[in-house]
2 protein chains.
Amino acid sequence: MLIKDLIAEQAQLAKVAALKMAGITTETKNAALLAMAESLEKRQDEILAENAAEVEYFKKNSSRLHMLDRLILNPKRIKDMAEGLRQTALLPDPIGHEDFHVTRPNGLKIRRVRVPFGVVGIIYEARPNVTVDAAALCLKSGNACILRGGSEAIRTNTKLTEILNDAAISVGIPEHAIEFIKITDRDAIIAMCRLRKLIDVIIPRGGAGLIARVVEHSVVPVIETGTGVCHVYVDKKANLEMALKVALSAKISRPSVCNSMETLLIHKYIAETFLLDIAKLMFENKVELRGDKECCRICPEIKPATEENWSTEYNDLICNVKIVDDVDAAINHINKYNTQHSDAIITEDKAAAEKFQTLVDSACVYVNTSTRFTDGFEFGFGAEIGISTQKLHARGPMGLEALTTMKYLIEGNGQTR
Amino acid sequence: MLIKDLIAEQAQLAKVAALKMAGITTETKNAALLAMAESLEKRQDEILAENAAEVEYFKKNSSRLHMLDRLILNPKRIKDMAEGLRQTALLPDPIGHEDFHVTRPNGLKIRRVRVPFGVVGIIYEARPNVTVDAAALCLKSGNACILRGGSEAIRTNTKLTEILNDAAISVGIPEHAIEFIKITDRDAIIAMCRLRKLIDVIIPRGGAGLIARVVEHSVVPVIETGTGVCHVYVDKKANLEMALKVALSAKISRPSVCNSMETLLIHKYIAETFLLDIAKLMFENKVELRGDKECCRICPEIKPATEENWSTEYNDLICNVKIVDDVDAAINHINKYNTQHSDAIITEDKAAAEKFQTLVDSACVYVNTSTRFTDGFEFGFGAEIGISTQKLHARGPMGLEALTTMKYLIEGNGQTR
């Protein structure tokens, strides 16, 4: 059997499950999430056994040992997964919510209600917790899902989805509502991307390479997530003490995540002193700085930045710095190099702040605070399926509602046109 | 210069215009729409001259003379276009609308507001009125647009966009906010579809072939529109008089449009009499019927349907008929063969109606009325850019709001994470 036929067969099963899922009640979905949580804890030994074997193999065979931590499970991490499932059960159910209704002059009653997408495809990398999070959010939003995780965690993920399915089915969720793809060839990803009538949306979660591959090949609609080239612009009217604190934190608090700062822009009027102050702090925190000519002149410890640097997501203790003429120049630089994720201005000037918020083309535009707040929990949305960096359908942190679509329900009494 | 570089250059200009458009007021946009309307009427002779030459050429050189009417302009049609522009000026401006705000425990103020997409690409076929409609809706929603119309109308469309741009620019709309692609090679479409950083969304308006080509090649997010394989299901508890009226109208009132019925499903309990009655009406109205075995047995004038027929959008006086066991069988047939556009049930049984509305996976699901009502004006939304048949972002008739996205604006006072 060809990979593409195998994947299509799984997607077909998921689609049948999805059509049933559209009729499943909130009570059943929540009962399933609680049963899944309980089963993960009860069957912890089975999970840890698969995971230990996989970790062992990874240690012996992989050169990417810095990624080992992402793969490892332990009782604490399994408890966290179970906790995530229980929290998802507590979230309000988006399905069935009516956001528009009208009675037309001809008597037609038109309602618009939230409904599940159907089948959500999620393609991700090595973290087994994504398997549980994604399954939980898709289930709560009434979707079937088809999951494709990284090869390193294939045994752990297979066991996890087996346990999740057993528990969900036991309380009335249809079989195949959580389909897991065991084929680890990259061709499996391409095959998923071609299933236009069977998968309703694909969400890639991972590095820029994975996302680009999915966008290139997919005829299924894609929600892009996660790549972040985020900026902080320190205006001439900034509270400089605040600017130092925010800029430093935006870089160093967790450099590996997508909402951390990659480029710091500084207004020319304050450049000389501010640059030296922030550079000192950055160097003390082991951050490498790369700057334009003027920055390098003011502070010779700064390395010259290449054109490519301005659009690079370092995910590391590296930061670009640049001096700009005014807020317009800052906006232009950002709109040229950002990934439309998160950007911030530090200023006491309301007009500059408003201009920045209006014209910077990003999901989240901040005034006097850090880009690091772009996060489902920080926004109060609860668990998120990712941060959308595209403009279609969802933008910014995606909670349950981003996993739904809507439908018009129209009632008449024999009207014709 | 290569086609792809030319198109990229135009898209780059549109992008610059789009970033300016984000700051244009409702007043300026409305003034532009009114100025555009006036200019179309004032410069009518220029338009008609270009159109006459093009119509002449088409008559001599094209074999598709049934499409001639779509191309022809006259003073009445130009007046209608101008009227459309004036009506768009009257629509509420979706931009700036705040649909969510919260103050978080840490003091962050988070707001979510409607903003333009940026650059909207629209690819369409021969009707010149689409040029004007699309430009108007994109402008009112604060977007720049890049338009690519069919080759038959290239001279007319070039003149129209020249007039629209002149008028818009004269009241303060940035140059290049309405970009028109003059290259008629199909490669121009492919080139548009590759401009991931420059075009924010592409909306194809046209036949299934055009839409499939765009979906196949596009790395820009696409909103699919228009293909309609719509069903009417007559339940055993239907008001049969109503069913006859609705089914007939759904087929014959305007067979060329996407919301007309292509397949009629009939419950087995009422099949014998209802089929003969509806067949008589259909034949009187020159509709060809294609049916399953049982239909052909009951009414031998019905031709046997092929498997392919069930998923064909005829856009013509042809209709499939099929007898089904119950509402579940009807739902299964519809979910297998429809294009997720519009489907209807005729029944007095509330439980059957609710099941049908819940489980049929379409943008618009009707009870006791015709699928023909899926339309922006009929829903009270005003002019529409198309009917979305996909689930991402927009579903059903797409008005101005479907041409917008949102953005989070966050204000703090030095918070860090």
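# Exercises on a predicted two-chain model

In this predicted model, chain B is superposed on chain A by a rotation of 180° with 0.0 Å of shift along its axis, at an RMSD of 0.0 Å.

**Exercise 1. State how the two copies are related, and through which surface they meet.**

Solution. Start from the operation: the rotation is 180° and the shift along its axis is 0.0 Å. The copies are thus related as by a two-fold rotation axis. Next, locate this axis with respect to chain B: B:H393 is the residue of chain B that comes closest to it, with its C-alpha at 1.8 Å. Finally, compare the interfaces. Of the interface residues of chain B, 100% are also interface residues in chain A, so the copies meet through the same surface.

**Exercise 2. Determine whether α2(B) and α6(B) are roughly parallel or antiparallel, and list the residues that meet.**

Solution. Take helix α2 (residues 26-42) and helix α6 (residues 128-140) of chain B: their axes come within 9 Å and cross at roughly 160°. Angles over 145 degrees count as roughly antiparallel, and α2(B) and α6(B) are therefore roughly antiparallel to each other. The hand of their crossing is right-handed. On the α2(B) side the contact uses B:K29, B:N30, B:A32, B:L33, B:M36 and B:L40; on the α6(B) side it uses B:V132, B:A136, B:L139 and B:K140. Sorted by class, the contact of α2(B) with α6(B) holds 7 nonpolar, 1 polar and 2 charged residues.

**Exercise 3. Repeat the analysis for α6(B) and helix α7 (residues 154-170) of chain B.**

Solution. The axes of α6(B) and α7(B) come within 9 Å and cross at roughly 30°. Since angles under 35 degrees count as roughly parallel, α6(B) is roughly parallel to α7(B). This crossing, too, is right-handed. From α6(B), the residues in contact are B:P128, B:T131, B:V132, B:A135 and B:L139; from α7(B), they are B:T156, B:N157, B:L160, B:T161, B:L164 and B:A168. The class count for α6(B) with α7(B) is 7 nonpolar, 4 polar and no charged residues.

**Exercise 4. Give the strand order of the open sheet of 4 strands in chain B, and identify the strands at its edges.**

Solution. The order is β5-β4-β3-β6, and the pairing is parallel. β5 (178-180) and β6 (201-205) of chain B each have a single partner strand, so one side of each is left without a neighbour in the sheet. Neighbouring strands are turned by 20° against each other on average, direction ignored. Now examine one pair: β3 (residues 119-124) and β4 (residues 144-148) of chain B run parallel and are joined by 5 bridges. For the register, B:G121 stands opposite B:I146 in β4(B). To finish, place helix α9 (residues 208-217) of chain B: this helix lies across β3 and β6 of chain B, at about 160° to β6(B).

**Exercise 5. Describe how strand β9 (residues 288-291) of chain B pairs with β11(B) and with β10(B).**

Solution. Treat the two partners in turn. With β11 (residues 318-324) of chain B, β9(B) pairs in the parallel sense over 4 bridges. In that pairing, B:L289 stands opposite B:C319. With β10 (residues 303-304) of chain B, the pairing of β9(B) is again in the parallel sense, over 2 bridges. Here B:G291 has B:P304 as its bridge partner in β10(B).

How values were computed. Residues numbered from 1 in each chain as written. Chains lettered and ligands numbered in written order. Predicted model: local features only at pLDDT ≥ 70, side-chain atom pairs only at ≥ 80, totals over all residues. Heavy atoms only, no water. Axes fitted to C-alpha atoms, helices over the stretch in contact; angles between N-to-C directions. Parallel < 35°, antiparallel > 145°, perpendicular 65-115°, else oblique. Left-handed = near helix turned anticlockwise from the far one by under 90°. Contact = heavy atoms within 4.5 Å. Nonpolar A, V, L, I, M, F, W, Y, C, P; charged D, E, K, R; others polar. Pairing = 2+ DSSP bridges. Least-squares fit on C-alpha atoms with pLDDT ≥ 70 in both.
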